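Reader: I am new to this structure and would like to go through it with you. Could you start with the terms you will need?

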Amino acid sequence: MLRNLRGFICHSLKLERGCALHTAHRDGLSSVSSPERPRAVFHTSESDPAKHTEQHEGRLYNIPLEEVNAVFPHGLPHRFQQQIRTFNEARVMVRRPALELLGYLKGSNLRHPAVRYVIYGERGTGKTMTLCHVVHYCSRQGWLVLHIPDAHLWVKNCKELLQSSYNKDRLDQPLQASVWLKNFKASNEHFLQEIKTQKKYMWGKRESTEEGRPLREVVEQGLARARSACDAVGVLLKELKLQSHRGSFQLLVAVDGVNALWGRTTLRKEDKSPVCPEELTLVHNLRKMLRNDWSGGAIVTTLSQTGSLFKPSSAYTPQELLGKEGFDALDPFVPIPVPNYSPREFESCYSYYLERKWLQHEKARTEDGKAELQFLSGSNPRQLDRLAGPL
Amino acid sequence: PCRDTARALGSSPASLAPCRIMPVRWSRYNPSYLEPEVKKESYQKPLEELTEEERELMELKAVRPIKAAPPTLSSSVFSDPMISKFTNMMMKSGNKVLARSLMSQTLENIKRKQLEKYHKAPENEKETIECNPYVIFHQALKNCQPIIGLSNITKGGKTYQVPVPLTDNRKRFLAMKWLITECRDNKHRRTMMPEKLSQELLLAFNNEGPVIKRKHVLHKMAEANRAYAHFRWW
């Protein structure tokens, strides 16, 4: 009895209930976690990113699985998706760069031109997860999220390259465009119904979309006819850009691997000459979107060396990865560095793995094992994940 | 330079022909060289707790030279000699990096499959499901080890399959070899090795699967040939 009282006092002092709701959910009980389990400290029951503050730093918050399917049809890293399937829950760590970004977004004036944020850092430090945290916040706040999961997929390994019907110099990528349109439609259904087109668009000789029709028809046109998928994407981006300043919706443009747009491609035309990124319709339209000549939203981007082409593996700064052209195009931007885990975040991640029974090796539970994991991974989140896999 | 490497290795060749390539892989150390001690616990013991032999060993180590530690010897708490042996047997043309990554992916695969089963199982069955990939690996290997083997003995012009006891090393080797060959030969071409191996290990852990069947076939052959057991002379 006394122990439970002590637990309640501790919890009220902590200002929020760090209760292990997931175990409670599993056992079907609605009790607060007992204070004998210090591991539960590293979870937080606050699943709304808008309420995350510095107190939640280092803790893991839960995203309900239905929300994951609705908000992230295509955004999450592959290893994290596997983790969601194995643990049956999606837990994201609240970290300082994400809190910083959320603070800027909360305080930004949407009547001013869109501010560009570039999240950069070394390999495997959590840039994509920071972006996903921000996307979750924006979708909770009701923003329209334009999430491009990996811009590198648009500049390499493209099986079909068609000549664009709109502009003879450019090249279309029907497969990539239709995949992206499908995922975009899945995450932003209600917005597509409300926003109307402002111009008449002709898709070839016979089909057209009148003025004042909902944007859903543009997307469906792109999905139905693969040839005009890229043009549909271009129309969508143009309409969103024109209408965002009115204030009826806030637009978030989230691009992962933005350095792909200003690098080189591995694609070749039929005469074996290399393709420049600006010759691709998708890249051209996305570049126009990333300019800060529109208002009513924000642009959050991530640099990524992992999928990048012709860049050395030690490059991680914006100058190195974007090159001169990209840096000038994105300048001015707010850089947000993402470091490796702090000791507290490492503790939190380690305890989470122990608690979900991910670390099965007997020695992993000892102090020696923990010290070895910290040393071998260098507190790098990706290395820790890779190391903890077989253990 | 040849003479310097020879002196460094401590070997004492009978003749030193100038500029001859020195054998490195099976280089013979001088018998005075001692084995390296990798375990952290042995260095953390205070002086009083050591027995007489250990004190003598420590004094000897202060004077004698020590052999170079081989790259497979690790002071990590997570290193396991059986897993290293299995990784070496899986390795092709010296690509240890690939073999090791395949091994870690296999262990992760086993863990994921078992954890998914664990989370979906009802409460009373949760304790029966084993999620530790190392326990599963060791138990699977133990289940695959044959007790008795067959050896070819030629007597009077004819070769007979004679049942013969196996050493521990031979049993372990046969178990690992059968697992690897089963995965390499009898599976679909496009399945990845970690996937195949994790499947085989889980089946062997439950005493099912083609490797256990092969072990039983060997036992039956030995039982059938027990009339020739007296041909063995060792």
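Author: Let us begin with polar contact: a pair of N or O atoms within 3.5 Å, where within protein one must be able to donate a hydrogen and the other to accept it, and residues adjacent in sequence count only if both atoms are side-chain atoms. This is a predicted model, in which local features need pLDDT of at least 70 and side-chain atom pairs count only at pLDDT 80 or more, while totals for chains, interfaces and linings use all residues. Residues are numbered from 1 along each chain as its sequence is written, chains are lettered from A and ligands numbered from 1 in the order in which they are written, and side-chain values use heavy atoms, with hydrogens and water left out.

Reader: How many residue pairs are in polar contact between chain A and chain B?

Author: There are 12 such pairs, both residues being at pLDDT 80 or more. On the side of chain A that touches chain B, the elements giving two or more residues are helix 4 (78-87) and helix 14 (367-377) of chain A; helices are DSSP runs (H or I, at least four residues), numbered from the N terminus. Helix 4 of chain A gives the largest share, 6 residues.

Reader: And how many salt bridges are there between the two chains?

Author: The count is 2, a salt bridge being a side-chain nitrogen of Lys or Arg within 4 Å of a carboxyl oxygen of Asp or Glu. B:K40 pairs with A:D368 in a salt bridge, with 3.7 Å between the closest N and O atoms.

Reader: Changing topic, how many disulfides are there?

Author: The search of the whole structure finds 0 over all chains, taking a disulfide as a pair of cysteine sulfur atoms within 2.5 Å. For A:C132, the nearest cysteine sulfur is that of A:C138, 12 Å away.

Reader: Why is B:C144 not bonded to B:C183?

Author: Because the two sulfurs are 10 Å apart, too far for a bond, although B:C183 holds the closest cysteine sulfur to B:C144.

Reader: Is B:C144 buried or exposed?

Author: B:C144 has 0% relative accessibility, so it counts as buried. Buried means under 20% relative accessible area, exposed over 50%, and partly exposed in between (1.4 Å probe, protein chains only).

Reader: What about B:E200, where does it lie?

Author: B:E200 is in helix 8 (residues 193-205) of chain B. At 1% relative accessibility, B:E200 counts as buried. A polar contact of 2.7 Å links its side chain with that of B:K187.
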